[in-house]
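Reader: I should like a close look at one part of this predicted model, namely its salt bridges. How many salt bridges are there, and which parts of the chain do the pairs tie together?

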Amino acid sequence: MTRNEFIEVVDAGNDVMFECSGKRFAIIMTDDGPDIAEQETCANRQTFENAVQLLDKYNVGGVPLANILARCKFTFVS
């Protein structure tokens with residue numbers, strides 16, 4: 001999924017699940033914006049105003065999601 005596709009999907013309010021760096025993540029739209037966390041443990045849970053902030057500020061293994069988006073495997077988009 002490209003950066004622009006990701007932004008469109010998330011900002012449209014879709015729920016998203018993906019695997020990256022050996023972990024599984026879920027993005028759920030809340031009233032405050034997209035909420036992301038590791039699926040099994042809810043570790044590193046954060047809420048952002050929009051998809052751009054999520055991409056640029058959410059870190060997976062110390063790396064912004066935007067930098068590793070191309071390596072992520074998307075398993076669910078509602």
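Author: The count of salt bridges in this predicted model comes to 4, on the criterion that a side-chain nitrogen of Lys or Arg lies within 4 Å of a carboxyl oxygen of Asp or Glu. Side chains of opposite charge can pair when their charged atoms come close. Three of the pairs are taken in turn below, each with its setting in the chain.

One of the salt bridges joins the side chains of Arg-3 and Asp-56, with an N to O distance of 3.2 Å. Arg-3 belongs to helix α1, which covers residues 3–11, while Asp-56 belongs to helix α2, residues 51–57, so this pair ties together parts that stand 53 residues apart in sequence. Arg-3 is partly exposed, at a relative accessible area of 34%. Asp-56 is likewise partly exposed, with 39% relative accessibility.

Another salt bridge is formed by the side chains of Glu-40 and Arg-24, at 2.8 Å from N to O. Glu-40 is found in the loop between β3 (33–38) and β4 (46–47), and Arg-24 in strand β2 (residues 23–30); the pair therefore ties together parts 16 residues apart in sequence. Glu-40 counts as exposed, at 53% relative accessibility, a value that satisfies the cut-off of over 50%. Arg-24 is partly exposed, at 39%.

The side chains of Arg-45 and Asp-35 also meet in a salt bridge, with 3.0 Å between N and O. Arg-45 lies in the loop between β3 and β4, and Asp-35 in strand β3 itself, so the parts tied together here are 10 residues apart in sequence. The two partners have contrasting surroundings: Arg-45 is exposed, with 57% relative accessibility, whereas Asp-35 is buried, at 7%, because buried means under 20% relative accessible area.

Helix α1, which holds Arg-3, also has a buried side to describe. Phe-6, Ile-7, Val-9 and Val-10 of α1 are buried. The buried residues of this helix pack against β1 (16–20), β2, β3, α2, α3 (65–68) and β7 (73–77). Helix α2 thus appears twice in the account of α1: Asp-56 of α2 pairs with Arg-3, and α2 is among the elements packed against the buried residues of α1. Just after the helix, Gly-13 adopts a positive phi of about 95°.

How values were computed: Residues are numbered from 1 along each chain as its sequence is written. This is a predicted model: local features need pLDDT of at least 70, side-chain atom pairs count only at pLDDT 80 or more; totals for chains, interfaces and linings use all residues. Side-chain values use heavy atoms; hydrogens and water are left out. Helices (H or I, at least four residues) and strands (E, at least two) are DSSP runs, numbered from the N terminus. Buried means under 20% relative accessible area, exposed over 50%, partly exposed in between (1.4 Å probe, protein chains only). Contact means heavy atoms within 4.5 Å.
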